[in-house]
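Got your viewer open? Let's take a walk through this structure together, one selection at a time.

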Amino acid sequence: MGQAIHHSENRGTRIEYAGHSFLHIKHLESLNIEDVKNHSAVIIETRDLDYVRMIVSRIRGNIAPDIYLKPIFLQSRNSINDLVLENLVDGRISNLDKVASLVELVEENLNRVQDLTFANSISFEAQMITKMITLMYTKDQKSLLPIPYIYSSINFAYPLLSVNFSETDEHAVLNILDIAESEGLFRSEYYDRIYLCNQCSSSHLSYREVCPKCSSSNTKSDDIIHHFPCGYVGPMQDFKNEIDDKLDCPKCNKRLRHIGVDYDKPSVIHECKNCSHTFQDFFVNAKCLSCGSDRSVEQLKSKIIKSYFLTKKGESAAIKGFVTTTKDIDEIFGTIKFDTFKTMLKYEIERLKQTEGSSNICAIYIRNSSLVYSKLGSTLQKGLLKDLISVIRSNIRSSDVISFVSSSTIILSMNEIPNKISNKIMGNMVRLLEELIASTFKKLDVQFEYKVVALDHHKPYEEHITELTIDFI
Amino acid sequence: MIDKIIDNYLRFLSTLTPADFLEFFWFFLIFEFFRYFLVEFIVLILTEVKKVTSRKQRASASAELFFENPLVSILIPGKNEGKHLYKLVNSLSEQTYKNIEIIVVDDGSDDDTPAIGRMLEKAGLIDVFLRNEVRGGKASGANLALRYSKGKYIIHLDADCSYDFDAIENILIPFYMELGVGGVGGNVNVRNYKHSLVTTLQGVEYYNAITIGRKVTSYLGIYRVISGAFGAFRADVIKSIGGWDIGPGLDGDITVKIRKKGYKIRFAADAHCLTSVPNTFKKLVKQRLRWDKSLIRFRLRKHNDVFKVQASFRLLDFFSAFENFFYNVVLNFKWYIYLTIMLTFYRPLFINVFITNVLLYTIMNYIKFLLFSLFRDRSHSSVSYFLIYLPCMVLYFGLFLRAVRTIAYLQEIFFKMSYKDTWNPRKTSIHAEYLRL
Ligand SMILES: [Zn+2]
Ligand SMILES: [Zn+2]
Ligand SMILES: [Zn+2]
């Protein structure tokens with residue numbers, strides 16, 4: 001094979017070899033994530049594992065297939081002792097001279113990526129499932145096994161899926177896997193059980209035996225002694241004297257001699273040093289290391305961790321594109337199906353040929369939708385979309401229609417309105433939406449963009465839609 | 001035959017002179033009529049008078065109690081009592097006196113008591129639930145509860161009893177009526193008196209012995225048994241005597257120990273408690289044998305020092321013990337002497353004397369029951385229900401209980417049988433016997 005050619009750019013180093021371009025990353029700051037699209041694979045120089053984890057997460061966690069599906073190789077002399085990281089990358093080379101050994105893997109990956117079709121599913125869960133099964137397909141991986149992982153807030157990582165989530169949202173992977181299983185894409189086997197904080201769903205919990213009255217863990221325990229001759233019963237403390245380590249009865253002053261004969265120890269008692277409550281049964285509390293909540297273990301959420309195995313249906317969903325039927329957002333009140341929208345658009349263009357009126361189609365795009373949806377979960381996500389639709393609905397005429405292009409893109413018609421006014425309405429509407437979000441979802445920063453395209457009856461409807469959404473999808 | 005007996009009897013009555021009457025019925029007149037009718041009647045009237053004159057004092061005692069509002073520890077030791085616990089703790093939450101802590105000790109139960117107890121503890125209905133895996137006996141259970149009590153007053157309850165809503169308040173008031181009260185006994189009556197003849201008769205017996213009898217002994221200052229079913233103690237006093245000693249008869253024992261310390265014992269007739277009594281004669285015999293044996297054990301053995309003239313001698317303690325001993329043990333045997341005399345010297349008249357005795361006792365029972373019921377402040381059972389059963393009381397009290405008592409006394413005096421009672425675990429009774437407790 002030929003010689004590797006190194007191009008130093010300020011975005012990292014490009015290595016060209018056998019017609020393939022490798023992006024060589026040395027520093028986190030040198031990574032421009034969009035740049036990954038322009039290369040066949042990524043090689044990360046491994047000096048510090050934390051920074052490697054960060055770069056890998058940013059690539060695998062990206063929403064664009066030509067970023068998250070890109071092969072990643074680590075350049076390291078030693079093997080990496082991190083099963084999760086190992087599962088996320090595609091291989092290791094000891095130095096850059098070994099680039100040749102990667103070519104076959106890269107070409108295999110490219111071939112597999114070409115098999116894939118990406119259906120534009122609306123729901124966040126479907127997007128995540130698509131990411132997961134397409135990654136599995138390109139890596140020729142048939143199973144998704146939980147890996148005990150100290151960096152995971154639920155103690156187990158499913159690397160290809162968990163990489164999409166920040167620590168606080170990681171519990172959402174269990175929900176997504178449940179959906180994938182119920183869709184028949186996976187079958188599962190029991191692996192383990194975990195307990196999650198009922199406040200924040202973290203599994204980083206500290207368990208302690210506590211006083212049932214005040215929940216303090218500051219307690220001391222003592223044997224109860226029953227002195228048979230006089231019937232005195234009390235903690236061993238009562239029987240201790242100051243002179244020797246023998247035990248004397250505080251009631252009758254006799255020395256205890258022989259357990260079972262003149263005394264016995266029928267039970268153990270605990271005393272709380274905080275509230276002086278006495279008891280025999282501790283409560284067990286779990287303190288959440290993430291949010292600080294300290295509750296009885298009975299209040300924890302119990303979840304099952306399973307091993308997942310791709311089914312035939314799962315494999316073909318990766319290739320043909322996966323659109324979930326149950327979790328989609330068709331049923332949001334006030335919207336119509338995208339296909340119906342297209343049909344109506346076609347008729348409107350036909351109508352304009354005769355009337356010379358001025359009509360528009362508009363799009364609202366949620367720029368950071370995957371981040372937003374991962375924070376919300378599917379129920380809140382639906383709630384958010386419903387709110388958005390009702391605001392939009394109240395700002396347009398009843399003859400106009402709304403539809404989803406994807407979960408991040410809403411499309412609507414504004415017929416018989418000059419383009420300028422349409423733009424103005426849209427601007428106001430987005431401001432209203434931002435206000436709505438700010439008031440209902442605290443701490444949630446949703447970024448909107450919008451675009452208006454005036455209908456031109458010389459162009460087919462497909463061209464209008466492409467023009468409208470080209471910047472967004 | 002019956003005609004002849006009646007004829008004969010009427011002739012006997014018509015010729016009976018007062019001197020003869022005294023000669024034939026000295027036992028009834030001197031011991032029974034005098035003690036259980038005359039003395040009781042007079043004292044009852046005096047108690048009523050005192051009740052009226054001390055009304056103001058009582059009101060201020062009650063006010064003082066609620067002003068101070070001391071924590072009161074309720075101890076409920078027992079074995080296999082779980083089934084009663086929920087009802088009991090629920091009824092305790094209805095009490096007029098609220099500042100209580102409930103401490104339940106499960107003394108080695110082998111049923112679902114531990115689970116029930118833990119559940120009630122978790123639900124906050126019981127403050128402290130303690131379980132001993134191995135049974136230690138009634139005293140050890142009570143002592144464990146006492147060790148972990150925090151109240152100023154201690155109330156000992158039985159799990160299978162039930163209590164009037166103001167019972168706790170009323171049993172506490174005597175502590176605020178006069179100084180130096182160390183313990184107060186509650187008024188225990190029979191809940192299942194309608195169950196069978198044997199429970200009905202015990203209903204009458206409890207009424208006579210407790211509601212009336214203890215009012216009288218309390219007034220006279222010789223009240224001597226605070227029932228385990230319902231008794232209140234000053235915590236400092238009961239802790240200073242080391243709590244309960246090994247039973248049976250630990251209720252009487254602890255009362256004597258408190259008296260010996262120089263404290264007064266009072267009876268609270270208005271602190272009502274209902275208990276379930278044995279519902280067959282067989283069970284009753286078993287219970288009474290245990291009780292009667294403990295009388296010998298505690299009066300004649302453990303606490304015989306109250307009869308001795310020594311530095312700590314107190315007349316009331318002596319009188320209390322003497323009255324108890326005399327009317328139970330001495331008279332029990334004296335009755336046999338009476339029976340022997342009658343059978344030996346008055347043989348031809350024996351049937352007539354017997355009939356007269358039965359009539360005398362029955363008439364006394366009726367008069368007493370009706371007259372004394374005027375002194376009831378409130379009651380759980382109607383007076384009229386018992387009336388038709390009263391004739392049976394002669395047989396129940398005069399023959400049945402006397403026979404049981406005799407057997408018990410003889411067993412205990414000669415064989416110290418109480419130490420072999422499985423009511424206590426063997427490991428503890430060995431020591432009690434050895435130490436002559
Ligand atoms: Zn505590
Ligand atoms: Zn001792
Ligand atoms: Zn938490």
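What follows is a set of stops, moving from metal sites to a sheet and then over to the other chain. One thing to keep in mind as you look around: this is a predicted model.

**Stop 1: zinc ion, ligand 1**

Start by selecting the zinc ion (ligand 1) in your viewer. Which protein atoms hold on to the zinc ion (ligand 1)? Show A:Cys211, A:Cys214, A:Cys272 and A:Cys275 as sticks: the SG atoms of these residues are the donors, lying 2.2 to 2.3 Å from the ion. The site is tetrahedral, with angles of 102 to 114 degrees among the four donor atoms. Along the chain, the donors follow the spacing C-x2-C-x57-C-x2-C.

Now follow the backbone out from two of them. A:Cys211 sits in the loop between strand E11 (205-210) and strand E12 (219-227) of chain A, while A:Cys275 sits in the loop between strand E14 (263-272) and strand E15 (278-279) of chain A, so this pair ties together parts that are 64 residues apart in sequence. Switch on a surface and compare the two: A:Cys211 is buried, with a relative accessible area of 0%, whereas A:Cys275 is partly exposed at 29%.

**Stop 2: zinc ion, ligand 2**

Next, select the zinc ion (ligand 2). Here you'll find a histidine among the donors: A:His227 coordinates through ND1, and A:Cys230, A:Cys249 and A:Cys252 through SG, at 2.0 to 2.3 Å. This site is tetrahedral too, with angles of 105 to 116 degrees among its four donor atoms. The donor residues are spaced H-x2-C-x18-C-x2-C in sequence.

A:His227 belongs to strand E12 of chain A, and A:Cys249 to the loop between helix H8 (236-239) and E14 of chain A, so the pair ties together parts that are 22 residues apart in sequence. Are A:His227 and A:Cys249 buried or exposed? Both A:His227 and A:Cys249 are buried.

**Stop 3: zinc ion, ligand 3**

There's another zinc to visit, so pick the zinc ion (ligand 3). The SG atoms of A:Cys197, A:Cys200, A:Cys288 and A:Cys291 coordinate the ion at 2.3 Å. Angles of 100 to 113 degrees among the four donor atoms make the site tetrahedral. In sequence, these donor residues follow the pattern C-x2-C-x87-C-x2-C. Put the surface back on for two of the cysteines: A:Cys288 is buried, with a relative accessible area of 2%, but A:Cys291 counts as partly exposed at 40%.

**Stop 4: A:Asp178**

Jump to A:Asp178, which you'll find in helix H7 (residues 172-182) of chain A. A:Asp178 is partly exposed, with a relative accessible area of 40%. Leaving aside residues up to four places away in sequence, A:Asp178 touches A:Lys306 and A:Tyr308. Try drawing a distance line from the C-alpha atom of A:Asp178 to that of A:His277: the two residues are 99 places apart along the chain, and the line spans 45 Å.

**Stop 5: a four-stranded sheet in chain A**

Switch to cartoon view and look for an open sheet of four strands in chain A, in the order E20-E21-E19-E22, with antiparallel pairing. Strand E20 (402-406) and strand E22 (448-454) stand at the edges with a single partner strand each, so one side of each has no neighbour in the sheet. On average, neighbouring strands here are turned by 25 degrees against each other, direction ignored.

Zoom in on E20(A) and strand E21 (residues 409-414) of chain A, which run antiparallel and are joined by four bridges. Select A:Ser403, and you'll find its bridge partner A:Ile411 in E21(A). Then add helix H13 (residues 461-469) of chain A, which lies across strand E19 (360-366), E20, E21 and E22, running at about 150 degrees to E22(A).

**Stop 6: strand E1 in chain B**

Time to cross over to chain B. Select strand E1 (residues 72-78): seven of its seven residues are buried. B:Val72, B:Ile74, B:Ile76 and B:Gly78 point one way from E1(B), and B:Ser73, B:Leu75 and B:Pro77 point the other.

What pairs with E1(B) in the parallel sense over four bridges? That is strand E4 (residues 153-157) of chain B, where B:Ile155 is the bridge partner of B:Ile74. Strand E2 (residues 100-107) of chain B also runs parallel to E1(B), joined by seven bridges, and in E2(B) you can spot B:Val104 opposite B:Ile76.

**Stop 7: two packed helices in chain B**

Finish with helix H12 (residues 315-345) and helix H13 (residues 350-372) of chain B, which pack at an angle of about 145 degrees with their axes 9 Å apart. Show B:Tyr338, B:Leu339, B:Met342 and B:Leu343 from H12(B), which meet B:Phe350, B:Val353 and B:Asn357 from H13(B). The residues of this contact divide into six nonpolar, one polar and no charged.

Methods:
Residues numbered from 1 in each chain as written. Chains lettered and ligands numbered in written order. Predicted model: local features only at pLDDT ≥ 70, side-chain atom pairs only at ≥ 80, totals over all residues. Heavy atoms only, no water. Axes fitted to C-alpha atoms, helices over the stretch in contact; angles between N-to-C directions. Contact = heavy atoms within 4.5 Å. Nonpolar A, V, L, I, M, F, W, Y, C, P; charged D, E, K, R; others polar. Pairing = 2+ DSSP bridges. Donors = N, O, S within 2.8 Å, 3.2 Å for Na, K, Ca; no water. Tetrahedral: all angles 85-135°; square planar, octahedral: opposite > 155°, others 65-115°. Buried < 20%, exposed > 50% of the residue type's maximum accessible area, 1.4 Å probe, protein only.
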